[in-house]
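Hi there,

Here is the structure I promised to pass on. Please open it alongside this message, and my notes on the helices follow below.

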Amino acid sequence: MTPKQVLEFAKTNDVQFVDLRFTDLPGLQHHISYPIGQLEEEAFEEGFGMDGSSIRGWAAINESDMLLVPDPATAILDPFNQHKTLVMTGDILDPITRQHYDRDPRHIARKAERYLENSGIADVAFFGAEAEFFIFDNVRFDQDQHSGFYFIDAEEGRWNSGRETNNLGYRPRYKEGYFPVPPTDHYQDLRAEMVDVMLKCGLDIECHHHEVATGGQAEIDQRFDTLVKSADNMMLYKYCVRNVANRRGKTVTFMPKPLFADNGSGMHCHQSLWKDGKPLFAGDLYAGLSQMALYYIGGLLKHARALSAIIAPTTNSYKRLVPGYEAPVNLAYSRRNRSAACRIPMYSASPKAKRIEFRPPDPSANPYMAFAAQLMAGLDGVLNKIEPGEPLDKDIYDLSPEEMKCVASMPGSLEEALTCLEEDHAFLLKGDAFTEELLETFIAYKRKNEADAVRLRPHPYEFALYYDI
């Protein structure tokens, strides 16, 4: 919609408030609401003033004044608020220079798209992300100087099979939740309600199903879209999923590994390049790929260890990315092997369906930064003709120790991932998509507030291991 159409839409639907949203550096969405009378056509140029000093990873208090400029193309009616509310995603501008703010993740994604166009390689990058999540009934956690714990419960959790009261059985076994019909699948109706709300919000949903883990692991798949639009959609997706669950007395987490000894949640990213309406990844080489697609894979694999700090950006991410378990930590590619970091889906022979799937990302990632970083890595592979090596079509568990030595892997911790990003980030700086200052801020924030914060605290299991040592 244009600004004028947004105002007409608000009037036609008797909207009372306008809610403007933006995303911080770690990936949490924020919002500010105004009475609808505050929204005039000039606001789409002038923006609304806001204080950015309390937003994680943003400006210092002496440079806190910012502008939040609504994007009319993102306008929807909020499906949850009691009062009719028009929601729009906003862009952050400096009020003095009127330039976009370099720490606004949405601006980073826009710059990556612009770099792609200016490169001449392609004019559009499509991303389709498969975000997994858990649906729980109760969660408790706390941490202070002398204690720390978490407790999760889910009616569907296999651990409740021995409960004495109100127990009807029918719970997925550990690692066997893919995908039984109800009543073993407890959340068919809840996921369907989530999809219904998302469709009404304009999201294009392909399917939904139970995932591998017990305890309510789920997946709802969106159809692909352009990079920035897909990131916008992922933020709306998370908002809808959480709020539908909340109004049904459930809680949702996109934390990658909330349960021990069962599968974690990933966010596999399908991606492809197109130019002049034609797909560029289809060809007559391995798995029906073009040479450009193989070079793109080469870039992803070369920079995967650095990418990990952005696409798997939490300490908890590395409890999912563990060799020998379910996660794709092996830096190789294959047409069907899901233990490889890069998979080429073979469901369709259509050139338009030809894409690559990068499997290490998880849904704790900031989608604007994660999609942008993957695109920059892939483009570096194309521009520098980086060969991806031989495909890994064997079962990874059948490889000999000598063969395994030749297969690189993802980092084993957030700290290691941040070090990898420090050592390898020149590819992200091209076209000013990311800046040195932004990356330094991101690394410093993650190291101090997450990696070090977790490393310095005693873990409950350490008491089981060491209390009597």
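In this predicted model, helix α5 (residues 227-247) packs against helix α8 (residues 367-383) at an angle of about 150°, and their axes lie 8 Å apart. Angles over 145 degrees count as roughly antiparallel, and α5 and α8 are therefore roughly antiparallel to each other. Their crossing is right-handed. If you would like to see who meets whom, α5 brings Leu-227, Val-228, Ser-230, Ala-231, Asp-232, Met-234 and Met-235, while α8 answers with Pro-367, Tyr-368, Phe-371, Ala-372 and Leu-375. Sorted by character, the residues of this contact come out as 10 nonpolar, one polar and one charged.

Helix α8 has another partner worth a look. The axes of α7 and α8 come within 9 Å and cross at roughly 165°, so α7 and α8 are also roughly antiparallel to each other. Here too the crossing is right-handed. On the α7 side the contact is made by Leu-307, Ile-310 and Ile-311, and on the α8 side by Met-369, Ala-370, Ala-373, Gln-374 and Ala-377. Seven of the residues in the contact of α7 with α8 are nonpolar, one is polar and none is charged.

How much of α7 is covered? The helix spans residues 304-311, and seven of its eight residues are buried. These are Ala-304, Ala-306, Leu-307, Ser-308, Ala-309, Ile-310 and Ile-311. Leu-307, Ile-310 and Ile-311 are thus both buried and part of the contact with α8.

Helix α6 (residues 291-302) has 12 residues and reaches 16 Å from its first C-alpha to its last, close to the 16 Å expected at 1.5 Å a residue. Nine of those 12 residues are buried, so α6 is largely enclosed by the rest of the structure. The buried set includes Tyr-295 and Tyr-296, along with Gly-298 and Gly-299.

Finally, have a look at α3 (residues 105-119). This helix has 15 residues, and its first and last C-alpha atoms are 21 Å apart, close to the 21 Å expected at 1.5 Å a residue. Among its buried residues are Arg-106, Lys-111 and Glu-113, as well as Ile-108, Tyr-115 and Leu-116. Just after α3, Gly-120 takes a positive phi of about 80°.

Happy browsing, and all the best!

How values were computed: Residues are numbered from 1 along each chain as its sequence is written. This is a predicted model: local features need pLDDT of at least 70, side-chain atom pairs count only at pLDDT 80 or more; totals for chains, interfaces and linings use all residues. Side-chain values use heavy atoms; hydrogens and water are left out. Helices (H or I, at least four residues) and strands (E, at least two) are DSSP runs, numbered from the N terminus. The expected span of a helix is 1.5 Å times one less than its number of residues. Buried means under 20% relative accessible area, exposed over 50%, partly exposed in between (1.4 Å probe, protein chains only). Axes are lines fitted to C-alpha atoms, for helices over the stretch in contact, and angles run from 0 to 180 degrees between N-to-C directions. Angles under 35 degrees count as roughly parallel, over 145 as roughly antiparallel, 65 to 115 as roughly perpendicular and the rest as oblique. A crossing is left-handed if the near helix is turned anticlockwise from the far one by less than a right angle, and right-handed if clockwise. Contact means heavy atoms within 4.5 Å. Ala, Val, Leu, Ile, Met, Phe, Trp, Tyr, Cys and Pro count as nonpolar, Asp, Glu, Lys and Arg as charged, and the others, Gly among them, as polar.
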